[in-house]
Amino acid sequence: MDLGEVATDTLRSIALFLPKALAFVAILFVGWLVARGLRMLTDKGLERVRFDRLAERGGVAGVLARGGVDASDLVARLVYYAVLLFTLQLAFGIWGPNPVSDLINAVVAWLPQAFVAIIIVVVAAAIASWVKDLISSALGGLSYGRFLATTASVFIVGLGVIAALNQVGVATTVTTPILIAVLATMAGILIVGVGGGLVRPMQSRWEGWLDRAGQESTRVAEHARAYAAGQSDASQIMSAPQTGTVYPSQAAGERPASAEPTAIIERPASAEATAYPQEAEREPLVPGFDSDQTQPIPDPRPRR
Amino acid sequence: MDHGPTSPELARQVLDRYARAVGDAGRAAAAADPGVAAMLDQATATVGDALDPNRRPPLVELASYADGLTDRATSLGWRMPDPTTVDWRRADQITWRLVAVCELATAVQDEDVTAA
């Protein structure tokens, strides 16, 4: 190996490398120019079609504004970086297969999904906003109208976000639990809110039922006691001598002298006494019964 | 527990039945005859003591008492007298208790009317 060969090899390498390097730089430069141009075009074009207005209605603008960009700006930047990525892909392709190219290829292949995901979120947010407007204007008079509208819009945005996450390839093992968690949270709110509202009415209703049950049992007890008292009184009366004496004074139409004097109330023979003309019309309780068989019982106040 | 009424409405119906059987006739006789009135007053006092001396007995208790009285007495051979032919001076104690129950029930009814 002599110096001349080495120099020749080096020169050949440089000769081989330089055009590639120049092409690489040229591609990057042109790509950068194209990317800038496309960014400007996209920004202007989207502003022309009032994409910002759409995003604003969807409520995404409020989130983006905190980051200092508007929606068309964001999309324009996306386009810019996408074109840059394409440029990089192309430029690194010059060097043949290499890890950087693979990485860039993967990112570029993923880009459409990200784009669709952004579209999904924006559209879902817009739908949610429209639904919120609709519900709050339709149910504005109701106290829970605002709550209902907000709930619906949040729900739709959540669905959109989950769909977007699925779109960009975040595993459903992550998004499905999120969805379930959201639904479970809403169910919990419903149970506590609606069910909790029913606690007081049910409480008062239960108190009413228990009160009535208590009154009823008291009444049943009183009724049973009275019934038993009637039975025992009847037993005493009937076990007393059936053929007793009749007070002579009773037979003579006078009060018995031995009767308690304070127990007697004089009652005038008022019109009430004659107010039973229909008495004769009544049919006897037991037909053919002879009331003369009814035995007078001597003691007017039998002790129990 | 099927011995008689447990609601005031049912008790009122039962008491009306007793009133038609003996109560009205007995009270009419008592209004016409002071001697009969004394017997009614005694029976009324006895019934009041038998139920609850400290208060005016409610309709349910009156009806239950009358049911228990007539049920037991009938099983022991007593029969409801015919109010058109009964001799109130010689009427038996069971009958007088029934008339007393009707008298007390009328007082309760009057009280209800004045309260309402």
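**A nonpolar core spanning chains A and B**

The largest nonpolar core has 48 residues. Those with the most contacts inside this core are B:L15, B:Y18, B:L62, B:Y65 and B:V101. The model is a predicted one. Five helices each supply at least two residues of the core: α7 (172-239) of chain A, and α1 (8-32), α2, α3 and α4 (93-115) of chain B. The largest share, 12 residues, comes from α1(B). In soluble globular proteins, nonpolar side chains tend to be buried together.

B:Y65 shows how the two chains meet in this region. Neighbours within four places in sequence are left aside here. On the chain A side, B:Y65 is in contact with A:A226, A:Y227, A:A229 and A:G230. On the chain B side, its contacts are B:V47, B:A50, B:L51 and B:V101. B:V101 is also listed with B:Y65 among the residues with the most contacts inside the core.

A second core is separate and has 10 residues. Its members include A:A124, A:A125, A:A128 and A:V157.

Two of the chain B helices that supply the large core were examined in turn. Helix α2 of chain B covers residues 34-51, 18 residues in total. From first C-alpha to last, α2(B) reaches 26 Å, close to the 26 Å expected at 1.5 Å a residue. Of its 18 residues, 13 are buried, so α2(B) is largely enclosed by the rest of the structure. A residue counts as buried if 20 or more other C-beta atoms lie within 10 Å of its own.

Helix α3 of chain B covers residues 59-75 and has 17 residues. Its reach from first C-alpha to last is 24 Å, close to the 24 Å expected at 1.5 Å a residue. Here 14 of the 17 residues are buried, so α3(B) is likewise largely enclosed by the rest of the structure. B:G77 follows α3(B). The phi of B:G77 is positive, near 110 degrees.

B:D16 lies in helix α1 of chain B. This residue is partly exposed, with 15 other C-beta atoms within 10 Å. B:D16 and B:A105 are 89 residues apart in sequence. In space, their C-alpha atoms are 9.2 Å apart.

Chain A contains 8 helices and 0 strands. Its elements run α-α-α-α-α-α-α-α from the N terminus on. Buried residues make up 17% of the 304 residues in chain A. Among the chain A contacts with a separation of 6 or more, 64% join residues 24 or more positions apart.

Within chain A, helix α4 (residues 71-93) packs with helix α5 (residues 99-138). The angle is about 150 degrees, and the axes lie 9 Å apart. The crossing of α4(A) and α5(A) is left-handed. From α4(A), the contact involves A:A82, A:L85, A:F86, A:L88, A:Q89, A:F92 and A:G93. From α5(A), the partners are A:V100, A:S101, A:I104, A:N105, A:V107, A:V108 and A:L111. The residues of this contact divide into 10 nonpolar, 4 polar and no charged.

A:T151 is found in helix α6 (residues 145-167) of chain A. With 16 other C-beta atoms within 10 Å, A:T151 is partly exposed. A:T151 and A:K132 are 19 residues apart in sequence, and their C-alpha atoms are 8.5 Å apart in space.

Definitions and conventions
Residues are numbered from 1 along each chain as its sequence is written. Chains are lettered from A and ligands numbered from 1 in the order in which they are written. This is a predicted model: local features need pLDDT of at least 70, side-chain atom pairs count only at pLDDT 80 or more; totals for chains, interfaces and linings use all residues. Axes are lines fitted to C-alpha atoms, for helices over the stretch in contact, and angles run from 0 to 180 degrees between N-to-C directions. Helices (H or I, at least four residues) and strands (E, at least two) are DSSP runs, numbered from the N terminus. A crossing is left-handed if the near helix is turned anticlockwise from the far one by less than a right angle, and right-handed if clockwise. Two residues are in contact if their C-beta atoms, placed from the backbone, lie within 7 Å. Ala, Val, Leu, Ile, Met, Phe, Trp, Tyr, Cys and Pro count as nonpolar, Asp, Glu, Lys and Arg as charged, and the others, Gly among them, as polar. The expected span of a helix is 1.5 Å times one less than its number of residues. A residue is buried if 20 or more other C-beta atoms lie within 10 Å of its own, exposed if 12 or fewer, and partly exposed in between; C-beta atoms are placed from the backbone. A nonpolar core is a set of buried Ala, Val, Leu, Ile, Met, Phe, Trp, Tyr and Cys residues joined through C-beta atoms within 7 Å.
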